[in-house]
Amino acid sequence: MAQNFQPKPSPIFLSRTSFPCAVAILLLFLALTGYYSLRNICPKTASSSSSSFSHTQDDTQKLKPHAVEQIFLNSSNNSTISSFLHSLTLKPHLAGTPPALHTLQYLLTQLKTLPLQTHLSQYEVLLSYPLHSSLTAHFTNGTTKTLFLQEVGVPRGQIVQPYHAYSPSGSAWAPPVYVNYGRAEDYRALEVLGVNVSGCVAVVRRGSVPRGGVVERAAQEGAVAVLLYAEGDGEEEEGIERGTVMEGLGDPLTPGWAAVRGTHSERLGLEDKEVRRRFPKIPSMPISAHNAYVILSSLGGPRLPYNWGPSKVTTRNKDRTGSGVGPGPTLLNFTYQAEKKMATLRNAFAVIRGVEEPDRYVLLGNHRDAWTYGAVDPNSGTAALLDIARRYALLIRLGWNPRRTIILCSWDAEEFGMIGSTEWVEQNLENLGSKAVAYLNVDCAVQGPGFFAGATPQLDNLIVEVTKKVNDPDLHKMTVYQTWAAANSGINIGRLGRVDSDFAAFLQHSGVPSIDLYYGKDFPVYHTAFDSYDWMKKYGDPLFHRHVAVAGIWGLLALHLADDPILPFEYLSYATQLQEHMEALSVLLDTGISLHSINSSIQELVDAANGAKMEAKKLREKKYVEDLSELRIRAFNDRLMLAERGFLEPEGLKGRQWFKHLIYGPPRNRESKQSFFPGIADAMDRAAKMKKIEGQSAIQHEIWRVARAIQRAAIALSGELS
Ligand SMILES: [Zn+2]
């Protein structure tokens with residue numbers, strides 16, 4: 001329809017005067033150069049009523065892939081993203097609280113006006129909220145100090161008081177001990193000094209161990225409570241890091257199945273062993289670095305072990321009396337009361353139905369819930385997601401429809417333990433397992449400067465290629481790729497063995513190839529009351545160009561995965577990465593243990609990957625010269641998509657069956673730094689407590705399991721029956 005030639009005026013477009021003008025010029029250019037036919041521009045997503053994936057339109061009438069990319073990139077708008085972020089972060093919106101509904105409503109309204117087709121999926125899950133907390137220090141000189149447990153200057157009642165979700169209620173009247181990062185090695189160092197933490201309050205600085213792991217270890221060592229602080233300077237000293245201490249992912253009452261609303265879902269009781277196992281045994285609370293300093297500067301006892309390294313809090317203390325680790329002589333009076341409560345979660349989706357292959361899904365996901373205002377975590381990602389939606393809607397108005405279905409996902413209650421995404425993956429396991437091409441996650445999209453990516457390795461190449469097309473947000477006339485390659489760590493793509501964002505269920509439970517993207521890392525206001533729009537404007541991304549870069553990369557990745565006739569997967573990278581993992585593992589193993597089985601499976605994967613590479617090349621060449629059967633392309637793509645599922649083991653990791661992926665997942669020991677082969681890591685941990693021969697055979701068994709998983713992936717990729 002001709003009247004839809006101009007971008008449909010919406011409040012967003014009207015407020016950005018330069019934007020429609022630029023688009024009009026671009027459209028005129030494209031029209032003149034024959035990139036698309038005006039006859040073919042339709043106002044809405046064409047819905048495919050047939051299940052056929054043959055071409056329904058003449059190829060020449062469609063927007064060419066290059067034009068789609070150019071329009072997508074050129075229609076970015078930093079001030080639109082900024083206004084999205086501003087609206088999303090007007091109020092704190094903790095999952096399960098009334099203000100969270102406003103944020104949801106805003107998101108849905110934006111998506112519907114574009115217009116995109118939206119829907120909600122709701123669950124009823126167990127969340128945890130604080131009721132009351134107090135902390136008083138009693139010093140040896142007879143004075144006492146009541147420590148303020150909220151950030152200074154924050155309006156009371158608006159922001160949830162700092163707490164650890166799922167911490168039990170409890171109280172303690174006990175001396176504090178400083179235990180560094182709270183790892184096993186830190187407690188051993190204290191033991192050498194003759195310090196026993198039994199019956200004490202452990203004061204811990206936040207390191208790489210997840211909060212729940214810190215509390216679990218402290219409980220094992222006999223501590224009665226944990227105070228956890230994040231180090232900071234100046235203003236940041238007042239920030240207090242909220243967070244979850246629950247183990248594992250998803251609703252604690254429905255492990256492995258979806259927490260469907262109403263009475264139609266099985267739920268475990270609060271006293272069930274499986275439920276209790278996931279909650280810490282002792283209470284814990286986050287405190288500010290400032291309060292940690294008040295406590296730590298009053299400690300006696302032996303001096304800090306030298307190898308604990310500098311701590312911003314303890315080095316500040318060097319001219320003062322008391323630079324010991326404790327325990328005491330100060331005493332702490334600590335109480336914490338919490339309630340666990342059933343709450344409704346709402347995941348929201350926008351769906352752009354694929355024309356040729358509606359039953360193949362490319363998913364872009366970000367969580368919406370925040371501890372406080374969530375300007376960085378997670379709504380910098382939500383703002384980017386909304387901007388991608390806006391640009392996709394523009395493309396749709398220009399006649400574009402994706403080949404495969406694109407689904408934009410907005411998750412709820414990620415902060416409590418990836419709950420919204422996990423319940424959804426559990427409920428849709430079969431469909432995702434057979435139809436999901438890839439899941440692209442963005443949580444804290446912008447934390448500061450510098451591009452970072454994590455991915456399953458078959459997507460490495462695509463990420464690199466896409467960053468060559470996106471402008472660097474900070475350096476003129478450079479691409480993201482150029483500055484990324486020039487950075488200290490170079491092109492270094494991380495792997496997704498952690499469980500710290502919503503990719504976990506997709507990859508580790510259902511074997512969907514995944515990506516995680518962000519700009520900047522380790523931002524100082526993480527999970528504090530200061531993670532606000534003002535912080536973003538002042539420090540994180542004053543001009544919102546980094547947001548534009550993330551949205552550009554994220555949106556282009558999805559366009560390739562949704563539109564490329566042959567999926568842009570490259571399994572040689574996977575084989576190379578597995579080889580590196582194997583070599584890293586080999587130095588940790590006893591000589592009696594053989595990695596031969598993994599090595600030969602990797603060779604099979606190399607052969608399959610080489611074969612697939614040749615096949616892809618041939619298919620790409622033939623695609624436009626012959627009337628190549630779409631079915632043949634589809635069958636090839638299915639092998640590329642399903643090879644990742646080969647790494648899944650139906651039985652899952654020993655004792656933790658929910659984790660099915662044998663290459664990427666978290667080791668049971670949350671202090672472990674190993675980020676791959678979690679089953680082998682667990683066996684190595686167990687073996688340390690066994691007779692040598694038994695330990696070795698436990699490890700060897702896990703090595704065989706990994707070898708078989710790699711072989712399954714190779715067979716799926718080659719497509720040949722054995
Ligand atoms: Zn987050």
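The following questions and answers concern the core, one sheet and the aromatic contacts of a predicted model.

The model is predicted, with local features requiring pLDDT of at least 70 and side-chain atom pairs pLDDT 80 or more, while totals for chains, interfaces and linings use all residues. Residues are numbered from 1 along each chain as its sequence is written, and side-chain values use heavy atoms, without hydrogens and water.

Me: Which helix gives the largest share of the largest nonpolar core?
Reply: A nonpolar core is a set of buried Ala, Val, Leu, Ile, Met, Phe, Trp, Tyr and Cys residues joined through side-chain atoms within 4.5 Å, where buried means under 20% relative accessible area, exposed over 50% and partly exposed in between (1.4 Å probe, protein chains only). The largest core has 218 residues, and L364, Y392 and F416 are among those touching the most other members. Its largest share, twelve residues, comes from residues 545-563, which form helix α18. Helices (H or I, at least four residues) and strands (E, at least two) are DSSP runs, numbered from the N terminus.

Me: Which strands stand at the edges of the open sheet of β5, β6, β7 and β9?
Reply: Two strands pair if DSSP finds at least two bridges between them. The order is β5-β6-β7-β9, with parallel pairing. One side of each edge strand is left without a neighbour in the sheet, because each has a single partner strand; these are β5 (176-178) and β9 (284-287).

Me: What is the bridge partner of V203 in β7?
Reply: Strand β6 covers residues 201-205 and strand β7 residues 225-229, and the two pair in the parallel sense over five bridges. In β7, V203 has as its bridge partner L227.

Me: What is the angle between the ring planes of F523 and W535?
Reply: Rings of Phe, Tyr and Trp (its six-membered ring) pair if their centres lie within 6.5 Å; planes under 30 degrees apart count as stacked, over 60 as edge-to-face and the rest as tilted. F523 is buried at 6% relative accessible area, and W535 is buried at 10%. Their rings form a tilted pair, 6.2 Å centre to centre, with an angle between the planes of 50°.

Me: Over the ring of which residue does the charged end of K340 sit?
Reply: A charge sits over a ring if NZ of Lys or CZ of Arg is within 6 Å of the ring centre and within 35 degrees of the ring normal. One aromatic cluster consists of Y129, Y163, Y166, F279, W371 and F416. The charged end of K340 lies 4.7 Å from the ring centre of F279.
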